[in-house]
Amino acid sequence: MNPNALTLKPGAMTLSELRAVWSAAGPLSLAAEAYPVIEASAAAVQAIVAKGDAAYGINTGFGLLAKTRIPDDKLEQLQRNLILSHSVGTGELVSDAVCRLILLMKIGSLARGYSGVRPLIINTLIALYNAGIMPAIPAKGSVGASGDLAPLSHMTLAMLGVGEVRVNGELMQAADALKAAGIAPVVLAAKEGLALINGTQVSTALALHGLFMAERLLEAGMVSGSLSLDAAKGSDSPFDARVHEVRGQPGQIAAASIYRQLVSNSAIRASHLVGDERVQDPYCLRCQPQVMGACWDIIGNASRTLLIEANAVTDNPLLFKDGELSVVVSGGNFHAEPVAFAADTLALAIAEIGAISERRIALLIDATLSGLPPFLVRDPGVNSGFMIAHVTAAALASENKSLAHPGSVDSIPTSANQEDHVSMATYAARRLDDMAQNTAVIIGIELLAAAQGIDFHRPLKTSPQLEHVHAQLRQKVPFFDADRFFAPDIEAAKGMVMRGELSASCKSLFTPLHP
């Protein structure tokens with residue numbers, strides 16, 4: 001049995017399942033009990049068409065053209081034209097990891113039975129997912145209201161056998177990929193095109209990607225920060241549980257507990273318990289539980305919002321049962337304001353994780369503060385050591401300040417002022433990847449600097465947990481004994497952060513972060 005196999009239960013996906021889909025592909029199936037509900041919803045749409053009453057999105061135009069009645073013999077053309085005309089995205093394609101989340105959440109939303117699509121539509125999406133056929137979805141072109149119309153139209157193109165898809169990382173024509181996989185292109189029936197392209201699945205997938213990266217960055221930042229504490233011969237007294245309990249902030253309490261465990265039994269700390277003239281460490285060492293704990297809390301808040309959204313029905317209009325009748329109700333669940341707010345708070349966390357890490361790098365290279373050799377290298381002057389690596393960290397931390405400006409405060413009217421307030425959630429979520437990449441570099445540089453500091457304290461050792469982290473790094477990057485081509489070292493350390501390797505040896509410490 002494939003350990004990555006997932007049976008999707010509409011409305012009941014967990015963060016663990018979403019994380020697993022983001023991390024790796026595996027076979028997907030839909031819970032059998034979902035199909036009767038889907039079939040009933042599709043039958044309701046056909047009944048509305050047969051009755052002949054005007055119903056938005058079923059037999060009318062869209063947006064400002066909602067008053068235009070479409071003849072029954074043109075309903076299939078209406079749906080196809082909708083997809084073709086709305087496929088106007090631009091920019092880089094979303095990654096396979098994000099694309100898997102988009103497909104999964106669109107399947108889950110439609111399968112709840114409020115959207116009026118046939119089982120054929122959902123089964124085709126599942127077939128694409130299982131065949132590894134990832135629709136080529138440009139990341140730019142959505143304002144995060146009326147659904148992620150353009151990117152979801154590009155997703156739907158693949159079902160029609162139009163445009164390009166990506167298979168095993170290679171672009172190819174959708175028609176060829178479908179033929180090779182034995183998947184028949186679909187002909188959209190009434191309402192199906194609109195149901196497919198209305199919704200917040202793209203902005204939510206991008207935000208989930210940011211969430212899962214933020215979790216890794218938080219873990220890595222706490223590990224590298226603990227290593228920096230020992231490298232600078234800082235005090236672990238500020239991690240005392242009593243300090244944090246009297247404040248009561250849950251993330252701070254959890255973070256302090258992790259810091260205590262990470263630095264426990266350090267011989268370096270034991271070496272300066274007596275006779276150390278320093279009274280208090282700088283904030284970047286002393287206030288780590290307060291800063292990282294606050295990040296922990298807002299990451300947790302974002303995860304709750306995004307999990308709800310991942311399970312939500314967000315297209316329009318929706319079909320509900322009213323006694324024996326089915327009624328069509330127009331609303332605005334496609335407005336992605338909750339996603340935008342979640343993405344903006346994740347941006348704050350990602351920026352702050354990088355900002356405090358950059359301050360610790362600055363401390364470590366400053367001999368007057370750290371007690372270590374200037375710029376963490378022997379024979380300074382001849383060697384520049386970590387001087388310009390810190391400049392890189394500073395540049396990226398500063399860039400993140402600009403990127404952290406909230407996307408949700410922006411709005412621009414579209415569709416001839418029918419869609420006059422939008423969320424900008426797709427941008428707000430999309431920029432999280434750039435920010436995460438920046439912060440991963442900063443933490444990677446801190447890891448290198450802290451490990452360098454630990455090496456200068458030999459033969460004393462840091463804690464057993466951190467010695468393991470140090471050993472992992474030294475398998476990839478040797479001690480910086482003299483100036484050398486530095487960029488590959490930074491990329492290697494960044495990779496450890498991005499892959500979640502820094503916390504791998506102490507994963508149990510971070511389980512509260514992963515509900």
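Tutor: Two strands are said to pair if DSSP finds at least two bridges between them. The structure to which this rule is applied here is a predicted model.

Student: What makes β8 and β9 a pair of strands?

Tutor: Strand β8 (residues 318-322) and strand β9 (residues 325-329) are joined by 5 bridges. The rule asks for at least two, and β8 and β9 therefore count as paired. The two strands run antiparallel. Within this pair, Leu318 has Val329 of β9 as its bridge partner, while Leu319 stands opposite Val328.

Student: Which residue in the hairpin of β8 and β9 takes a positive phi?

Tutor: That residue is Gly323, with a phi near 70 degrees. The hairpin has 2 residues between its strands.

Student: What makes β6 and β7 partners in the same sense?

Tutor: The count is 4 bridges between β6 (residues 164-167) and β7. Since at least two are required, β6 and β7 are therefore paired, and their course is antiparallel. One of the contacts links Val167 to its bridge partner Glu170 in β7. These strands also form a hairpin with 2 residues between them, and Asn168 in the turn has a positive phi of about 50 degrees.

Student: Why are β4 and β7 described as standing at the edges of their sheet?

Tutor: The sheet is an open one of 3 strands in the order β4-β6-β7, with antiparallel pairing. β4 (133-135) and β7 (170-173) each have a single partner strand, so one side of each lacks a neighbour in the sheet. Neighbouring strands here are turned against each other by 40 degrees on average, direction ignored.

Student: How do you know that helix α7 packs on this sheet?

Tutor: Helix α7 (residues 174-181) touches β4, β6 and β7. Contact requires heavy atoms within 4.5 Å. The direction of α7 makes about 90 degrees with that of β7.

Student: What makes the radius of gyration agree with that of a compact globule?

Tutor: For 515 residues, the globule rule gives a value near 24 Å, and the protein chain has 26 Å; the conclusion is therefore that the two agree. The C-alpha atoms fill a box of roughly 90 × 50 × 50 Å along the principal axes. The chain contains 20 helices and 9 strands.

Student: Why is the space lined by Phe386 and Leu448, among others, called a cavity?

Tutor: The term cavity applies to points where a 1.4 Å probe fits but cannot get out, so an open space would not qualify. The structure holds 1 cavity of 30 Å³ or more, and the largest cavity has about 40 Å³ of space. Its lining also includes Gln452, Arg474, Phe479, Phe480, Arg484, Phe486 and Asp489.

Student: How do the lining residues of the largest cavity divide?

Tutor: They divide into 7 nonpolar, 1 polar and 3 charged. Arg and Asp count as charged and Phe as nonpolar.

Student: Which peptide bond before Pro317 is cis, and what is its omega?

Tutor: The bond from Asn316 to Pro317 is cis, with omega near -5 degrees. Pro317 lies in the loop between α14 (288-310) and β8. A cis peptide bond also joins Arg458 and Pro459, where omega is about 15 degrees. Pro459 belongs to the loop between α18 (425-456) and α19 (464-476).

Student: What makes the phi of Phe375 worth noting?

Tutor: Phe375 has a positive phi of about 60 degrees although it is not a glycine. Phe375 is found in the loop between α16 (367-370) and α17 (387-403).

Notes. Residues are numbered from 1 along each chain as its sequence is written. This is a predicted model: local features need pLDDT of at least 70, side-chain atom pairs count only at pLDDT 80 or more; totals for chains, interfaces and linings use all residues. Side-chain values use heavy atoms; hydrogens and water are left out. On a 1 Å grid over the protein atoms alone, a cavity is a set of points where a 1.4 Å probe fits but cannot get out, and a pocket is an open set with protein on both sides within 12 Å along at least five of seven lines; lining residues have an atom within 4 Å of a point. Grid points are joined across faces, edges and corners, and a volume is the space filled by probe spheres set on the points. Axes are lines fitted to C-alpha atoms, for helices over the stretch in contact, and angles run from 0 to 180 degrees between N-to-C directions. The radius of gyration is taken over C-alpha atoms; the globule rule is 2.2 Å times the number of residues to the power 0.38.
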